[in-house]
Every structure is written in C-alpha cells, then in structure tokens.
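Good morning, and thank you for joining. I would like to take you through a few helices and the loops that follow them. Please have the sequence and the model in view.

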Amino acid sequence: MKALVYHGPGKKSLDDCPKPEISAATDAIVKVTKTTICGTDLHILKGDVATCQPGRILGHEGVGVIEQVGSAVSAFKAGDRVLISCITACGKCEFCRKQMYSHCTTGGWILGNSIDGTQAEYVRIPYADTSLYPIPAGADEDALVMLSDILPTGFECGVLNGKVQPGNTVAIVGSGPIGLAALLTAQFYSPAEIIMVDLDDNRLEVAKRFGATKTVNSKDGKAAETVMKMTNGRGVDTAIEAVGVPATFELCEKIIAPGGTIANIGVHGTKVDLHLENLWDRNLTITTRLVDTVSTPMLLNVVQSKKLDAKLLITHHFKLADMLGAYETFGHAANTNALKVVIDM
C-alpha cells in the first residue's frame, strides 16, 4: 500500500509499505477513505516529538471502512463505516477509568507516533471497540474527519480546560485550525468577547467569519498592549495558547486577568519561560492537556444536527498520490491560505 513515511527531521516520502495485519484480538484493519494533516505532524517533521522514530507512517485522523476485525472485537464488523479517534483507549486501565484516555497505559496518542498511522491506504487500529466511532447514515465524511482530533482538542484542551463561561472575555492566541476549532466551540458557552491573535491577516478574517468579536495582528510586537487596551487594562478571563512556541505562551502570560486561566493546547518542542515574578500573586490557573476525546460523541451529535459546521475548517482537497503537495500546501499556510487539507483516497 501507499503511505506517507517520516524519515527523520525534515524528511518524508510517499512509499510502498506492507499492508497492516491483525496482531491482537482487539484490533481492526480500516481501509482509510479520508485523512488529513495536523499541525502535530509538522512538529514531528521539525524533530519536536522524540517518541516518533524514523520509518513511522504519519497521521492520526481519518474516516474509513472496516476491512477486518480481531476475534475480540464486538462493536464493529467488516463493512462498517467508522470515525478514527486520534486517541487509542483500552478502556480498562487506571487512566481510562478516569476518562483520561490520552494517558492510556497501552494506548493514548500512538497513531502516527509510536505505531503506524492513518496517512495510508490502510491502518491497524488497536482496541477497536473503544477507539472507533460508528458513522451515522448519510453523514458527511469531510466534516467527520474534523472530529478525529482538532474539534475535540480545541474544545477539551482550550475551552473546557480554559473554563470559558457566559459573559467572559477570551483570547485565543493562534488562528490556525486548532485555534479556530477552539473559537467555534467556545461559542457553546456564550462568552462576551473572543479576541483572536495571529500574524496572518487572512486567518484573522476567517476568524471574524467564524465568530471572533475582535482580532489582533501581532506582527508589530505590541499584541499584549493592544489586548490590554481592548480590555481596559484588565486582561482576559481565559487565554488559550494554540500555537506551541515560546512567544505565544508568554503572550498569554502578559494578557491574563487576575483569577484567569491560561489553557495550553500547543505542542511545545522547546522550553518556555514561566514568569512567576509577575504571576505569583495573580490567582491564576495554568492548564495543560492532551486531548482525551471524551467529547467526541457530543461533538458528533452537534455536527450531525448542523449546529456546528465542521467543514468550515477545510480549504483544500488532495489525493493520496499528491500527499507531498498536500504537506507543502499545509506547511506554507501563510502563502496558500490553507486551514485543514483533506486527503481523499
């Protein structure tokens, strides 16, 4: 089969690889019909994710059709259309029992990280019963790909961890796909203001269409001053970091109001300074999280009821044969205006 393989920092190629096989009774083999590229894949290619070793097939998002199931799989059968979760959950370990599936002792974020992932014609899904979701009849598969990772990630790591509440002021630093997913789902809680911060005017225009009340271009280095002026010197109740670089986290530190919450979503590959000399007396909460996908069933219902249009996040379509072109487009979003790119098999 064809698959996108990571060969070390800055190196990737579309290769011929062996088709995966059932290796445990709880496995399923899924024929992938649609997948996508995540910002985390770009972090891997930068060398930021040490657990992902050269030779790995990338990707942790997608939808497909089950081709084969192991003998212990009871919830699915061959021919079922399924949504693939980015998080693999055994459902039985200490962390799974706490619904902290991202830290499953034999699962978690392993697809496209420590085991081969979804940017391929076929993928092996461990613990299929608790790591796949049935696709409702008539569902739009493009929209559902957004439920593999970015919508639950933006919602759980940003909105829920950030304690967004009615009437609050929220700043989301980073208007890429994950920041926009946080923007869309933050509106479930009716905050009074959602301020989007980014370097890219196009993405800020998109954010306005998606419901941002104010936008700030941070190119001039004065984003903190601008946000503080917008909030009459008070700062924001919730600051969501959705990039994963030191400057954006430190910006969140500068704009958070006393009693506020900084919610980190970004994947950080280098150290970030925590300025306790400024924050020690501010009654702040700082949260970190890897998505647990506990919200996926709820989000699936919201998308199916058309209360949330997940397809808004999609800007480009590619075929698997042009996977390298898809990476070029996604990786140079400032020039291509790319948000999420969908790869159709």
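The buried residues of helix α11 pack against five elements: β6 (81-84), β8 (132-134), α4 (141-145), α5 (150-160) and α6 (177-186). I should say at once that this is a predicted model. Which residues of α11, spanning 296-304, are buried? They are Thr296, Leu299, Leu300, Val302 and Val303. Around the helix axis these residues cover an arc of only 165°, which places them on the same side of α11. A general point about helices applies here: with 3.6 residues a turn, residues three or four places apart point the same way. Just after α11 comes Lys306, with a positive phi of about 65°.

Two of the partners of α11, namely α5 and α6, also deserve attention as a pair. Their axes come within 8 Å and cross at roughly 70°. With 65 to 115 degrees counted as roughly perpendicular, α5 and α6 are therefore roughly perpendicular to each other. The crossing in which α5 passes α6 is right-handed. On the α5 side, the contact is made by Ile150, Leu151, Thr153, Gly154, Phe155 and Val159. On the α6 side, the residues are Pro177, Ile178, Ala181, Ala182, Thr185 and Ala186. How do the residues of this contact divide by class? Nine are nonpolar, three are polar and none is charged.

Beyond α5, the chain enters the loop between α5 and β9 (169-173), where Lys163 is found. The phi of Lys163 is near 55°, a positive value in a residue other than glycine. Is Lys163 buried, partly exposed or exposed? At 42% relative accessibility, Lys163 counts as partly exposed.

I turn now to α8, residues 223-230, in which Ala223, Ala224 and Val227 are buried. Seen down the axis of α8, these buried residues fall within an arc of 100°, so they line one face of the helix. What do they pack against? Their partners are three strands, β10 (193-198), β11 (214-217) and β12 (236-241), together with the helix α9 (246-255).

The pairing of α8 with α9 can be described in geometric terms. The two helices pack at an angle of about 30°, and their axes are 9 Å apart. Since angles under 35 degrees count as roughly parallel, that makes α8 roughly parallel to α9. Here, too, the crossing is right-handed, with α8 passing α9. The contact involves Ala223, Ala224, Val227 and Met228 of α8, and Leu251, Lys254 and Ile255 of α9. By class, this contact has six nonpolar residues, no polar residues and one charged residue.

Finally, consider what follows α8. Asn232 lies in the loop between α8 and β12. The phi of Asn232 is near 55°, again a positive value in a residue other than glycine. With a relative accessible area of 75%, Asn232 is exposed.

To close, let me set the two helix pairs side by side. The α5 and α6 pair is roughly perpendicular, whereas α8 is roughly parallel to α9. The contact of α5 with α6 has no charged residues, whereas that of α8 with α9 has one. Thank you; I would be glad to take questions.

Notes
Residues numbered from 1 in each chain as written. Predicted model: local features only at pLDDT ≥ 70, side-chain atom pairs only at ≥ 80, totals over all residues. Heavy atoms only, no water. Buried < 20%, exposed > 50% of the residue type's maximum accessible area, 1.4 Å probe, protein only. Helix = DSSP H or I, 4+ residues; strand = E, 2+ residues; numbered from the N terminus. Arc of directions from axis to C-beta. Contact = heavy atoms within 4.5 Å. Axes fitted to C-alpha atoms, helices over the stretch in contact; angles between N-to-C directions. Parallel < 35°, antiparallel > 145°, perpendicular 65-115°, else oblique. Left-handed = near helix turned anticlockwise from the far one by under 90°. Nonpolar A, V, L, I, M, F, W, Y, C, P; charged D, E, K, R; others polar.
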